[in-house]
Amino acid sequence: MTEEKIYYHFDWLNGWFAFNTALTVVFSFFLIKCPCLICWPQMIILIGVTLFSWAVWAYKYIKKHTMAVVTDEFIKIDHNNPLKWKDVKSAEEKMVRCCLKWRKVLVLHPKENIDYKYNFLQKHNCGFEAFSIPLYGLLTPEDEQKITDIVAKRVKIKKLK
């Protein structure tokens, strides 16, 4: 295995998409019926906000966001530094509290005294530990199984009861 990337998966057909579509339809209707509205600064600002909302929606739902990069030597979760497999002591499935719900994550426990440059979120992220892999709907079920199998090949996983 040379390098395998696993991506986050977000369902694009949601309330945000419906809201953006409704705004676009309403503004298009008004501009077709009364083209002079384009001269109003308020209308220009509202159209700009709508275009910005579409751009952010496209960034989240159309662009592929990498969850993990896995090689024979290391695993790189999100935008963190790579964690070498030889530095991983164990792994366990845990339930953590996120957005008022209990979520399942796969936590990799590093060995003691490794030289690793932790980022801000790895140091200060509530119940999530430094090397947490989400298993609660941000990935497809196939990708959740794939990442769990990859980790299980390298270290023993302590399962939830």
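**Aromatic cluster, nonpolar cores and largest pocket**

Tyr 8 has a relative accessibility of 18%, so this residue counts as buried. The model discussed here is a predicted one, and Tyr 8 makes a handy starting point for a walk through its aromatic rings. Phe 10, by contrast, has a relative accessibility of 24% and therefore counts as partly exposed, since the buried class ends at 20%. The ring centres of Tyr 8 and Phe 10 are 6.1 Å apart and the ring planes meet at 25 degrees, so this pair is stacked; the limit for stacking is an angle under 30 degrees.

A second pair brings two helices into the picture. Between the rings of Trp 16 and Tyr 61 the centres are 6.0 Å apart, and the planes stand at 75 degrees, which makes the pair edge-to-face because the angle is over 60 degrees. Trp 16 belongs to helix H1 (residues 15–33) and Tyr 61 to helix H2 (residues 41–61), so the contact between the rings ties together parts that lie 45 residues apart in sequence. The two partners fall into separate accessibility classes: Trp 16, at 27%, is partly exposed, whereas Tyr 61, at 16%, is buried. Both pairs belong to a wider arrangement, as Tyr 8, Phe 10, Trp 12, Trp 16, Phe 17, Trp 54, Trp 57 and Tyr 61 form one aromatic cluster. The model has 13 aromatic pairs in total.

Tyr 8 also leads to the largest pocket, which holds about 560 Å³ of space. Its lining comprises 23 residues, and those closest to the pocket centre are Tyr 8, Ile 77, Asp 78, Leu 121 and Asn 125. Two elements give two or more residues to this lining, namely helix H3 (120–123) and strand S7 (132–134). By residue class, the lining of the pocket consists of 11 nonpolar, eight polar and four charged residues.

Helix H3 also contains Gln 122. With a relative accessibility of 9%, Gln 122 counts as buried. Apart from neighbours within four places in sequence, Gln 122 is in contact with Asn 80, Tyr 116, Lys 117, Ala 130 and Phe 131.

Attention now turns to the nonpolar interior. The largest nonpolar core contains 23 residues, and the most contacts inside this core are made by Met 67, Ile 75, Leu 108, Ile 133, Ile 147 and Val 151. Strands S2 (66–70), S3 (74–77), S5 (88–98) and S6 (101–110), together with helix H4 (141–154), are the elements that give two or more residues to the core. Leu 108 offers a good view of how these parts meet: leaving out residues up to four places away in sequence, Leu 108 touches Ile 75, Ile 77, Leu 83, Val 88, Ser 90, Ala 91, Phe 131, Ile 133 and Val 151. A second core, separate from the largest one, has five residues, among them Val 96, Cys 98, Val 105 and Val 107.

Lys 156 gives a contrast to these buried residues. This lysine sits in the loop between H4 and strand S8 (157–158), and its relative accessibility of 71% makes it exposed, because the exposed class covers values over 50%. Once neighbours within four places in sequence are set aside, Lys 156 is in contact with Ser 90 and Ala 91, two residues that Leu 108 touches as well. The C-alpha atom of Lys 156 is separated by 58 Å from that of Ile 44, a residue 112 places away along the chain.

Conventions: Residues numbered from 1 in each chain as written. Predicted model: local features only at pLDDT ≥ 70, side-chain atom pairs only at ≥ 80, totals over all residues. Heavy atoms only, no water. 1 Å grid on protein atoms, 1.4 Å probe; cavity = no way out; pocket = protein on both sides within 12 Å on 5 of 7 lines; lining within 4 Å. Points joined across faces, edges and corners; volume = space filled by probe spheres on them. Helix = DSSP H or I, 4+ residues; strand = E, 2+ residues; numbered from the N terminus. Nonpolar A, V, L, I, M, F, W, Y, C, P; charged D, E, K, R; others polar. Core = buried A, V, L, I, M, F, W, Y, C linked by side-chain atoms within 4.5 Å. Buried < 20%, exposed > 50% of the residue type's maximum accessible area, 1.4 Å probe, protein only. Contact = heavy atoms within 4.5 Å. Phe/Tyr/Trp six-rings, centres within 6.5 Å; stacked < 30°, edge-to-face > 60°.
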